[in-house]
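User: I should like to learn how to read the features of a protein model. Could we work through one together?

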Amino acid sequence: MDFFSYLKQDLHINLNDQQVEAVKAADRRILLEACPGSGKTTTLVVRIAYQILCRNVGAAGMLTLTFSRASAKDMERRFAALFSSLIPQPVHFSTIHSFCYRFLYFCQKKRLLTVPELIEKDNYSGKSKILRSLFFEINQEYPGEDQTEQLSNEISYVKNKLIEPEQLKSDFENFPMIFRHYEAYKREKQLIDFDDMLSMTYELLQKNRELYREYGVFPQVLVDEAQDTSLLQHRIIEELSREGSLFMVGDTDQSIYGFR
């Protein structure tokens with residue numbers, strides 16, 4: 001079977017020359033940048049099938065990460081609709097946070113750590129309540145709803161940029177103190193937030209490669225919406241792909257971290 005003829009004749013997918021080049025590229029590190037509506041995700045999905053069918057990469061050895069849960073599910077649906085008859089084996093589609101969640105619980109099953117309770121397990125109100133209380137304790141006034149959301153975003157920004165709270169030019173009075181009180185509160189109450197899942201995973205991947213090998217190394221890591229990966233998330237991706245290949249697609253003009 002000629003793979004690209006099959007795409008065109010049976011699946012009605014007509015790739016241009018640049019897309020075909022991206023699908024076939026054998027480089028270990030590839031960043032595909034293109035504008036909205038140019039077929040980046042289609043190229044990524046087709047590349048997965050090409051690697052499995054034409055390069056003999058096992059389906060279980062491919063990990064596809066994206067920023068949002070909706071995008072992960074959409075890619076999984078698209079891949080199944082196009083290639084499930086040829087590739088019945090499951091391919092991993094996941095958000096970065098979901099991957100970290102599963103990895104941390106794998107570590108817990110091995111008795112290497114105890115995963116604290118997730119603040120945002122059911123909704124975001126728990127985190128907001130904690131931040132409002134700490135803000136009042138330090139500044140003697142309660143923040144509004146929009147301010148609480150902004151405070152949460154700034155704390156997340158500090159963690160994802162791998163910087164100290166003093167390095168952020170925050171509009172909030174005593175921001176570094178609020179940040180450190182929030183971290184201390186979580187440690188005391190044995191809680192974590194979504195950003196902590198990333199930090200814990202990154203630390204484990206750095207310090208214990210053998211642990212990752214036991215979990216299952218992915219020879220090929222693919223990333224959609226690469227423009228939405230923070231520095232911390234990108235460091236995790238680097239660790240996951242250290243022994244294999246990395247293929248990233250994105251559009252820097254759509255980066256969420258640009259306007260944050």
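User: At what angle do helix α7 and helix α9 pack, and how far apart are their axes?

Analyst: Please note at the outset that this is a predicted model. Helix α7 (residues 145-160) and helix α9 (residues 194-207) pack at an angle of about 10 degrees, and their axes are 10 Å apart. Angles under 35 degrees count as roughly parallel, and α7 and α9 are therefore roughly parallel to each other. On the side of α7, the contact is made by S156, K159 and N160; on the side of α9, by D195, D196 and L198. By class, the residues of this contact divide into 3 charged, 2 polar and 1 nonpolar.

User: Let us turn to the strands. In what order do the strands of the open sheet lie?

Analyst: The general idea comes first. Strands of a sheet pair through backbone hydrogen bonds, and the pairing is either parallel or antiparallel. In this model, an open sheet of 5 strands has the order β1-β7-β6-β2-β3, and the pairing is parallel. Its edge strands are β1 (29-33) and β3, each of which pairs on one side only. From one strand to the next, the twist averages 15 degrees.

User: Which strands does β2 pair with?

Analyst: Strand β2 is joined to strand β6 (residues 220-223) by 4 bridges, and the two run parallel. With strand β3 (residues 92-95), β2 also pairs in the parallel sense, over 4 bridges. Residue L63 illustrates both pairings: its bridge partner in β6 is V221, and its bridge partner in β3 is H92.

User: Is β2 largely enclosed or open to the surroundings?

Analyst: Here one compares relative accessible areas, and a residue under 20% counts as buried. In strand β2 (residues 62-66), 5 of the 5 residues are buried, so the strand is largely enclosed by the rest of the structure. M62, T64 and T66 point one way from β2, while L63 and L65 point the other way, and all are buried. Helix α4 (residues 69-83) lies across β2 and β3, and α4 runs at about 165 degrees to β3.

User: Which residue of β7 is the bridge partner of E33?

Analyst: That partner is G250, which is placed in strand β7 (residues 245-250). The strands β1 and β7 are joined by 5 bridges and run parallel.

User: Is G250 buried or exposed, and which residues does G250 touch?

Analyst: G250 has a relative accessibility of 5% and therefore counts as buried. Leaving aside residues up to four places away in sequence, G250 touches L32, E33, A34, K40, A226 and Q227. A fold can bring together residues that are distant in sequence, and L32 offers a case: the C-alpha atoms of G250 and L32 are separated by 6.5 Å, although the two residues are 218 residues apart along the chain.

User: Lastly, how many disulfides are there, and why does C100 not form one with C107?

Analyst: A disulfide requires a pair of cysteine sulfur atoms within 2.5 Å. By this rule the count is 0 disulfides. The cysteine sulfur closest to that of C100 belongs to C107, and because it lies 10 Å away, it is too far for a bond.

User: How accessible are C100 and C54?

Analyst: C100 is buried, with a relative accessible area of 0%. C54 is partly exposed, with a relative accessible area of 34%.

Conventions: Residues numbered from 1 in each chain as written. Predicted model: local features only at pLDDT ≥ 70, side-chain atom pairs only at ≥ 80, totals over all residues. Heavy atoms only, no water. Buried < 20%, exposed > 50% of the residue type's maximum accessible area, 1.4 Å probe, protein only. Axes fitted to C-alpha atoms, helices over the stretch in contact; angles between N-to-C directions. Parallel < 35°, antiparallel > 145°, perpendicular 65-115°, else oblique. Contact = heavy atoms within 4.5 Å. Nonpolar A, V, L, I, M, F, W, Y, C, P; charged D, E, K, R; others polar. Pairing = 2+ DSSP bridges.
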